[in-house]
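Work through the exercises below with the sequence and the 3D structure at hand. Try each task before reading its solution.

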Amino acid sequence: MDHVFNTEEEAYAAYKQFARLRGFGVRKGDVARVDGVLDQVWKVRRIDDSHNHPLAATMFNHLLPSHRSLSESNKAQVDSLKKFGIATLKIMAYMAGQSGGYGMLQFTKRDLYNYVHIQRLSQINDGDAAATISYLEGKANADIMSVARYTKPLEGRLGSLFWADGQMMADYKLFGDVVAFDATYRSNKYKKPLVVFSGSNHNKQTAIFGFALLEDEEVRTYRWVLLNLVDIMDNKKPSVVVTDGDKAMRAAIDDVLPSARHRLCGWHLEKNCVMQVKEPDFRKVFKKEMYANLDVLVFEDHWTTTVQSLGLMNNSWVKSTYELRHSWATTYLQGTFCTGYRTTSRCEGINAFVKGFLKSTNSLLELVHSLDRVVKVIAITRLQPSSIRRITRPC
C-alpha cells in the first residue's frame, strides 16, 4: 500500500507482475483522474485480492494474453538460431527444454511464430530485392574480393543477380578449367531459376565458384551471367562446361565461350532417355554408348544397328540426341580434361545437397542466407576428405 511509481509504465509493469503471480490477466484502461484532474502520481491506493472467477494455475499463467511475451534475451536467441536455419518448431522445443518445460515459457508457439514472421517482414520492409542487394553489398565491404552484380529491367524489380566471394574466386583461379552448372531450381517464392556454378578441386572435392538468380531462361540472360562470370574471374575462361543441355544455355555458351568444350550431363541424358524412349533395350545400349570407350566406327555401327532393330528411326529425341553425340559420347570426348566429371553426378550431388537448405517459400534474402550456409558447410567438409561422399555421389 501507498507505494509510489514514477511513471505509468513502471506502475503497469508492477501490476502485471502481481497479476502473473496471482494467476489472472490484466489490461490497461483510461488514465486515472482525481476530481477531473489528470493524476500524475502513480500510487497504490487499494488492493482488492478477491476475484469472481477461478485463477489460473501457475503452469498456465503464460497462456494469459497480457503475460505472453518474448524477452529480449529470448528474441536474441531466436534470431541467432534462425540465422543457422533452425526450424521455428525446433526452436520452440529447444527453448522449452532450457526452461524446464513448455509450461515454464512466457510465450506460446503462436507468439514465437508471430515474432519470426515480423522479423522476416522487417528484414524486407524496404523490398526483398533491395534488402538482398544491401546484404550482398555489406558482404563486399567486409570482403573486398566479394562481388555482386544485378540487373533491374523495371523500376523496383530485380532482374538477374550474380554473386561470388573471395574464396570462390580463389578456387576458380585454381580449378576453374571445368565448370558445371544448370538452372533446375526454383526454390524461392518468385520461382526464379537458381544456378550453382561448381567444379572439382585437387582432392576431387566440390568447389563452388558462384551463384546466380535468373530473370528467365532466355539466351540473353544466360549470356549476361556468363559474361559476368568471366569478367569477375579475371577473364579466365573454362576449357570444359558441363550442362543439362538447355538450348538457350548452349547458345549462350557458344557465344561467350566459343573455345570451351561443351559436355552434356550424363545424369540428365539418362533421365530424359527413360521419359522419351519406352524401349528398355535401348536404354541399356544408350548407357553403354555414352560411357564406353569405343572406336568411332564401332560406336556408329552399334548405334545405327540398335536404332534400326528397335524401330526408333523416327523418334525425335533419339535423332536429336544423336546429333549432339560429340557432347556426350566418351568416344568423341577422348582426351578432354574433365577433372572427374565423367558424368555430372558430382553436379547433381551438390545440387541435391543445396536443395536441403532451400524452401519454395524463401524470399530472395532468405535464399541468399541459406546459400551462405551451404558454402560454410562445404568449407568445413573440405577439411574432411572422406566426408565429401555425403555431398557428392561418385562419378
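**Exercise 1. Place Leu-214 in the predicted model: in which loop does Leu-214 lie, and is Leu-214 buried or exposed?**

Step 1. Find the neighbouring elements. Leu-214 sits in the loop between β9 (206-213) and α7 (219-232).

Step 2. Check the accessibility. The relative accessible area of Leu-214 is 0%. Buried means under 20%, so Leu-214 is buried.

Step 3. List the contacts, leaving out residues up to four places away in sequence. Leu-214 touches Gly-159, Ser-160, Ala-183, Lys-192, Pro-193, Val-195, Thr-221, Tyr-222 and Val-225.

Step 4. Set sequence against space. Leu-214 and Leu-158 are 56 residues apart in sequence, and their C-alpha atoms are 9.5 Å apart.

**Exercise 2. Describe Ser-363: where does Ser-363 lie, and how many residues apart in sequence are Ser-363 and Lys-189?**

Step 1. Locate the residue. Ser-363 belongs to the loop between α14 (345-355) and α15 (364-381).

Step 2. Check the accessibility. With 1% relative accessibility, Ser-363 counts as buried.

Step 3. Compare the two separations. Ser-363 and Lys-189 are 174 residues apart in sequence. From C-alpha to C-alpha, Ser-363 and Lys-189 are 6.0 Å apart in space.

Step 4. Turn to the contacts of the protein chain. Among contacts with a separation of 6 or more, 64% are between residues 24 or more positions apart.

**Exercise 3. Examine phi at Asp-234 and Asn-235: what is the sign of phi in these two residues?**

Step 1. Recall the usual case. Most residues other than glycine have a negative phi.

Step 2. Read the two values. Phi is near 60° in Asp-234, a positive value in a residue other than glycine. In Asn-235, also not a glycine, phi is positive and near 65°.

Step 3. Locate the residues. Asp-234 lies in the loop between α7 and β10 (240-243), and Asn-235 is in the loop between α7 and β10.

Step 4. Check the accessibility. Exposed means over 50% relative accessible area, so Asp-234 is exposed at 69%. Asn-235 is exposed as well, at 55%.

**Exercise 4. Classify two aromatic pairs: which of the words stacked, tilted and edge-to-face fits Phe-286 with Trp-328, and which fits Phe-299 with Trp-303?**

Step 1. Note what has to be known. A pair of aromatic rings is described by the distance of the centres and the angle of the planes. The structure holds 15 aromatic pairs.

Step 2. Take Phe-286 and Trp-328. Their ring centres are 5.1 Å apart and their planes stand at 55°, so this pair is tilted.

Step 3. Place this pair in the chain. Phe-286 is in helix α10 (residues 280-291) and Trp-328 is in the loop between α12 (316-323) and α13 (330-333), so the pair ties together parts 42 residues apart in sequence. Phe-286 is buried at 1% relative accessible area, and Trp-328 is buried at 2%.

Step 4. Take Phe-299 and Trp-303. The centres of this pair are 6.3 Å apart, the angle between the planes is 20°, and the pair is stacked.

Step 5. Place the second pair. Phe-299 and Trp-303 are four residues apart in helix α11 (residues 296-309), so about one helical turn separates them. Phe-299 is buried, with a relative accessible area of 0%. Trp-303 counts as buried at 6%.

Step 6. Put the pairs together. One aromatic cluster is formed by Phe-282, Phe-286, Phe-299, Trp-303, Trp-317, Tyr-322, Trp-328 and Tyr-332.

**Exercise 5. Describe the largest cavity: which residues line the largest cavity, and which element supplies the largest share of the lining?**

Step 1. Count and size. There is one cavity of 30 Å³ or more, and the largest cavity holds about 60 Å³ of space.

Step 2. Name the lining. The lining residues are Leu-136, Lys-139, Ala-140, Ser-146, Val-147, Ala-148, Trp-163, Ala-164 and Asp-165.

Step 3. Assign elements. At least two lining residues come from each of α5 (128-142), β5 (147-150) and β6 (161-164). The largest share, three residues, is from α5.

Step 4. Sort by class. The lining has six nonpolar, one polar and two charged residues.

How values were computed. Residues are numbered from 1 along each chain as its sequence is written. This is a predicted model: local features need pLDDT of at least 70, side-chain atom pairs count only at pLDDT 80 or more; totals for chains, interfaces and linings use all residues. Side-chain values use heavy atoms; hydrogens and water are left out. On a 1 Å grid over the protein atoms alone, a cavity is a set of points where a 1.4 Å probe fits but cannot get out, and a pocket is an open set with protein on both sides within 12 Å along at least five of seven lines; lining residues have an atom within 4 Å of a point. Grid points are joined across faces, edges and corners, and a volume is the space filled by probe spheres set on the points. Ala, Val, Leu, Ile, Met, Phe, Trp, Tyr, Cys and Pro count as nonpolar, Asp, Glu, Lys and Arg as charged, and the others, Gly among them, as polar. Rings of Phe, Tyr and Trp (its six-membered ring) pair if their centres lie within 6.5 Å; planes under 30 degrees apart count as stacked, over 60 as edge-to-face and the rest as tilted. Buried means under 20% relative accessible area, exposed over 50%, partly exposed in between (1.4 Å probe, protein chains only). Contact means heavy atoms within 4.5 Å.
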